[in-house]
Amino acid sequence: MSDLEIELKDVSFSYNGEIALKDVTFSVYDRDFIGIIGPNGSGKTTLVKLILGMIEPQKGTVNVLGRKPSQVSSSIGYVPQNTSINENFPITVRDVTMMGRIGGRREGWRFTRKDAGITREVLRQVGMWENRDARIGDLSMGQRQRVFIARALATDPKIIILDEPTASLDPPGQMILFDVLKELNKKLTILIVSHNINVLTEYVNKIACVHRELYFHEAPHVTSEMLRKTFGFSLEHICPLEEFPERPPVDGMNLK
Ligand code: ADP
Ligand code: MG
């Protein structure tokens, strides 16, 4: 039995009285690799922010590693949605990654040899060490995402959460990203928000469907029923048939 790392019990969250998430109960265990899917505006980022302690629920409880999320924020690496950078700003891959080491430092701190060592290690893990002196603005979107993952890893987290990291990537870029995550998953718990259901189901061990409520399933099965509840569509509408040549969209199918 693996350790419980994230636990939401009966959580509801509203923005100015407008309900975004309702009665969400959700458990994540050590080394889970969870794919979070749902239409735009369905509450996926809100769920992520609750886990990170950036917002607090009006109802219910959120526990991360047995404590309040705000007390363990350094144990969670976060790759936010729409990370934007100034393409002309002359900051290198290594500098961006090293920024992950800054959290919680006191005034007058300096980077240490240990910071440099960790930066090298995490850049190797995402396959970007060779590009360490490149400007971030000169990289492809997929390479940038891997640097943002490295920056999240630099905090030495137990859990990493990625909010739509694949949105602007081409298919090869997505596969590389997921392969990196698969490798990281040997040591880390991963939550990833992604619309790419067919790639997701190749990699994750559980799928969570969010649409104001959470339809969490303990196996990586995407069924037409889950998608109907989540998106109001069945599988055929979201993933065109030709993307699943040997995988007919029928109820209960396992996309693995
Ligand atoms: P998703 O990430 O699934 O696209 P979000 O969690 O960002 O969805 O948003 C869920 C709902 O909450 C949406 O209706 C969105 O408009 C609303 N919302 C999100 N952030 C805010 C905010 N800061 N203030 C007011 N409403 C918000
Ligand atoms: Mg979002």
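The exercises below work through a predicted model, from its overall make-up to its ligand sites and one loop residue.

Residues are numbered from 1 along each chain as its sequence is written, while chains are lettered from A and ligands numbered from 1 in the order in which they are written. Local features need pLDDT of at least 70, side-chain atom pairs count only at pLDDT 80 or more, totals for chains, interfaces and linings use all residues, and side-chain values use heavy atoms, with hydrogens and water left out.

**Exercise 1. Describe the protein as a whole.**

Step 1: the secondary structure comes to 8 helices and 9 strands, taken as DSSP runs numbered from the N terminus (helices H or I, at least four residues; strands E, at least two).
Step 2: of the 256 residues, 49% count as buried, where buried means under 20% relative accessible area, exposed over 50% and partly exposed in between, with a 1.4 Å probe and protein chains only.

**Exercise 2. Identify the donors of the magnesium ion (ligand 2) and place them in the fold.**

Step 1: donors are N, O and S atoms within 2.8 Å of the metal (3.2 Å for Na, K and Ca), and water is not among the atoms, so sites may look incomplete.
Step 2: the magnesium ion is coordinated by Thr45 through OG1 and by Gln81 through OE1, at 2.0 to 2.4 Å.
Step 3: because Thr45 lies in helix α1 (residues 44-52) and Gln81 in the loop between β5 (76-79) and α2 (93-98), the pair ties together parts that are 36 residues apart in sequence.
Step 4: Thr45 is partly exposed at 22% relative accessible area, and Gln81 is also partly exposed, at 27%.

**Exercise 3. Analyse the polar contacts of ligand 1 that involve Gly43, Thr45 and Thr46.**

Step 1: a polar contact is a pair of N or O atoms within 3.5 Å; within protein, one must be able to donate a hydrogen and the other to accept it, and residues adjacent in sequence count only if both atoms are side-chain atoms.
Step 2: oxygen atoms of ligand 1 lie 3.1 Å from a backbone N or O atom of Gly43, 2.8 Å from a polar side-chain atom of Thr45 and 2.5 Å from a side-chain N or O atom of Thr46.

**Exercise 4. Locate Glu56 and list its contacts.**

Step 1: Glu56 sits in the loop between α1 and β4 (59-64) and counts as exposed, at 54% relative accessibility.
Step 2: leaving aside residues up to four places away in sequence, Glu56 touches Phe13, Leu50 and Lys68, contact meaning heavy atoms within 4.5 Å.
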